[in-house]
Amino acid sequence: QAQLVESGGGLVQAGGSLRLSCEVPGSIYSINYMAWFRQGPGNQRELVAGITSAGSTNYAASVKGRFTISRDNAKNTVYLQMNSLKSEDTAVYYCNALLLRLGRLVPEEYWGQGTQVTVSS
């Protein structure tokens with residue numbers, strides 16, 4: 001199906017930590033790229049972190065040193081470990097994947113439903 005399966009959001013105090021998970025269900029031929037985006041109140045959706053199938057990563061400047069993206073290829077799952085959380089991190093976080101599903105000819109973009117992360121100060 002088109003929807004990715006996200007979990008791990010919640011309410012946390014500033015300075016705390018959360019770990020988000022995102023699983024790609026179904027039969028997959030290959031995953032080219034997986035990423036986390038977020039959209040805070042009154043803000044545009046922005047890229048937080050991304051990881052290629054080879055393991056190369058990139059991060060938004062605002063989260064470097066605090067967030068870590070990783071993946072488990074066997075489980076087709078990507079994680080976002082968020083440490084030293086700030087109130088500015090409050091947003092809906094969306095998982096994103098560019099993948100080629102088994103039996104298809106062209107890679108497609110998939111999105112999760114979004115999970116709320118709220119950081120209290």
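**Exercise 1.** Which residues line the largest pocket?

*Solution.* Start with the model itself, which is a predicted one. Now go through the lining: it is formed by Ile31, Asn32, Tyr33, Met34, Ile51, Thr52, Ser53, Arg71, Asp72, Asn73, Asn76 and Thr77. Next, look at the elements behind these names: strand 4 (28-39), strand 5 (46-52) and strand 7 each give two or more residues to the lining. Strand 4 gives the most, with four residues. Finally, sort the lining by class: four residues are nonpolar, six are polar and two are charged. The volume of this pocket is about 160 Å³.

**Exercise 2.** Find where Asn76 lies and decide whether Asn76 is buried, partly exposed or exposed.

*Solution.* First, place the residue: Asn76 is in the loop between strand 7 (67-72) and strand 8 (77-82). Then check the backbone: the phi of Asn76 is near 50 degrees, a positive value in a residue other than glycine. For context, most residues other than glycine have a negative phi. Last, turn to accessibility: partly exposed covers the range between 20% and 50%, so Asn76, at 24%, counts as partly exposed. You have met Asn76 already, as one of the residues lining the largest pocket.

**Exercise 3.** Now try Ser84: what is the sign of its phi, and where is its place?

*Solution.* Begin with the angle: Ser84 is not a glycine, yet its phi is positive, at about 50 degrees. Next comes the location, the loop between strand 8 and strand 9 (91-101). To finish, use the relative accessible area: Ser84 has 41%, so Ser84 is partly exposed.

Notes:
Residues are numbered from 1 along each chain as its sequence is written. This is a predicted model: local features need pLDDT of at least 70, side-chain atom pairs count only at pLDDT 80 or more; totals for chains, interfaces and linings use all residues. Side-chain values use heavy atoms; hydrogens and water are left out. Buried means under 20% relative accessible area, exposed over 50%, partly exposed in between (1.4 Å probe, protein chains only). On a 1 Å grid over the protein atoms alone, a cavity is a set of points where a 1.4 Å probe fits but cannot get out, and a pocket is an open set with protein on both sides within 12 Å along at least five of seven lines; lining residues have an atom within 4 Å of a point. Grid points are joined across faces, edges and corners, and a volume is the space filled by probe spheres set on the points. Ala, Val, Leu, Ile, Met, Phe, Trp, Tyr, Cys and Pro count as nonpolar, Asp, Glu, Lys and Arg as charged, and the others, Gly among them, as polar.
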